[in-house]
Amino acid sequence: MKYLCLGYLEPGKFEGMTDDERNAVLDKCFEHNDHLRANGHLVAEVPLQGPETAVTLYWKSGKVATTDGPYAETKEQLGGLQILEARDLNHAIQLVSQLPGFQYGLGPIEIRPVVDLTEMIKQSEQRRRKLQTGGPASASHAAQSLPTVL
């Protein structure tokens with residue numbers, strides 16, 4: 001099972017460290033990620049630029065509108081994400097709790113299971129092919145609970 005881990009940062013916490021402290025945290029984080037990767041747990045890691053570079057899109061009055069900055073009005077801002085491969089949620093929690101950045105108190109980490117859309121995409125492709133060829137679309141799976149997808 002894949003888990004998305006959203007790492008949040010307290011503003012100024014990382015920047016307030018000395019160069020030696022910051023380098024020590026980074027070295028431990030990269031070493032830990034190497035360990036996760038070597039053991040097949042780290043699927044992807046995506047560090048983000050600061051929240052001042054963010055743009056949030058939303059739908060307003062029938063068209064796209066934007067706001068500078070992140071959408072969430074929180075003290076912490078999203079700093080990056082990882083996708084981990086874990087047996088279950090408890091295993092994902094165990095893996096995340098060992099992250100050096102988390103242990104240094106840089107901010108909280110949110111863990112969510114990743115939805116596998118493979119089967120739903122396959123069913124959608126079949127329905128769309130039937131529509132293109134003039135056949136009736138199958139509604140047998142339409143009542144399934146669908147995940148929130150952007």
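Helices and strands here are DSSP runs, a helix having at least four residues and a strand at least two, numbered from the N terminus. The views below all come from a predicted model.

**View 1. Ser61 sits in the loop between β3 and β4.**
Start with a single residue. β4 covers residues 63–68, and strand β3 covers residues 55–60. Ser61 is found in the loop between the two. What is the phi angle of Ser61 near? It is near 55°, which is a positive value in a residue other than glycine. Is Ser61 buried or exposed? With a relative accessible area of 72%, Ser61 is exposed, because the cut-off for that word is over 50%.

**View 2. The whole chain, for orientation.**
Let's step back for a moment. The protein holds four helices and six strands. Walk along the sequence and you meet them in the pattern β-α-β-β-β-β-α-α-β-α. Of the 150 residues, 21% are buried. The accessible surface comes to about 10,700 Å², and carbon and sulfur atoms account for 56% of that surface. Take the contacts between residues at least 6 apart in sequence: 68% of them join residues at least 24 apart.

**View 3. Val55, Leu57, Trp59 and Val64 make a nonpolar surface patch.**
Back to the part of the chain around View 1. This patch has an area of about 460 Å². Which strand gives the most to the nonpolar patch? That would be strand β3, with three residues. Val55 has its place in strand β3. At 48% relative accessibility, Val55 counts as partly exposed.

**View 4. Gly7 and Gly79 come together from separate parts of the chain.**
Gly7 is found in strand β1, which covers residues 2–9. Gly7 and Gly79 are 72 residues apart along the chain, yet their C-alpha atoms are separated by 5.6 Å. Which residues does Gly7 touch, not counting those up to four places away in sequence? The answer is Gln77, Leu78, Gly79, Gly80, Pro108 and Ile109.

**View 5. His41 lies in the loop between α1 and β2.**
Helix α1 covers 19–38 and strand β2 covers 42–47, with His41 in the loop that joins them. Is His41 buried or exposed? At 19% relative accessibility, His41 counts as buried, because the cut-off is under 20%. Leave aside the neighbours within four places in sequence, and His41 is in contact with Leu36, Ile83, Leu84, Glu85, His91 and Leu95.

**View 6. Arg37 and Asp34 meet in a salt bridge.**
The two side chains come within reach at 2.9 Å, N to O. Why are they about one helical turn apart? Because Arg37 and Asp34 are three residues apart in helix α1. Both partners are at the surface to some degree: Arg37 is partly exposed at 39% relative accessibility, and Asp34 is partly exposed with a relative accessible area of 45%. The story goes on from this pair, as Asp34, Arg37 and Glu45 are linked in a network of salt bridges. How many salt bridges does a search of the whole structure find? It finds six.

**View 7. Two other salt bridges, Arg112 with Glu110 and Lys122 with Glu119.**
The side chains of Arg112 and Glu110 meet at 2.4 Å, N to O. Arg112 is partly exposed, with a relative accessible area of 47%, and Glu110 is partly exposed too, with 26%. For Lys122 and Glu119, the distance from N to O is 3.9 Å. This pair belongs to helix α4, residues 118–132. Lys122 and Glu119 are separated by about one helical turn, because they are three residues apart in that helix. Lys122 counts as partly exposed at 40% relative accessibility, and so does Glu119 at 44%.

**View 8. Arg22 lies over the face of Phe14.**
In this last view, Arg22 is at 5.8 Å from the centre of the Phe14 ring. How many aromatic pairs are counted in the protein? The count comes to zero.

Definitions and conventions:
Residues numbered from 1 in each chain as written. Predicted model: local features only at pLDDT ≥ 70, side-chain atom pairs only at ≥ 80, totals over all residues. Heavy atoms only, no water. Patch = residues over 30% accessible without salt bridge, like charges linked within 9 Å, V, L, I, M, F, W, Y side chains within 5 Å. Areas by Shrake-Rupley, 256 points an atom, 1.4 Å probe, with all protein chains shown as cover. Salt bridge = Lys/Arg side-chain N within 4 Å of Asp/Glu carboxyl O. Buried < 20%, exposed > 50% of the residue type's maximum accessible area, 1.4 Å probe, protein only. Contact = heavy atoms within 4.5 Å. Phe/Tyr/Trp six-rings, centres within 6.5 Å; stacked < 30°, edge-to-face > 60°. Lys NZ or Arg CZ within 6 Å of the ring centre and 35° of its normal.
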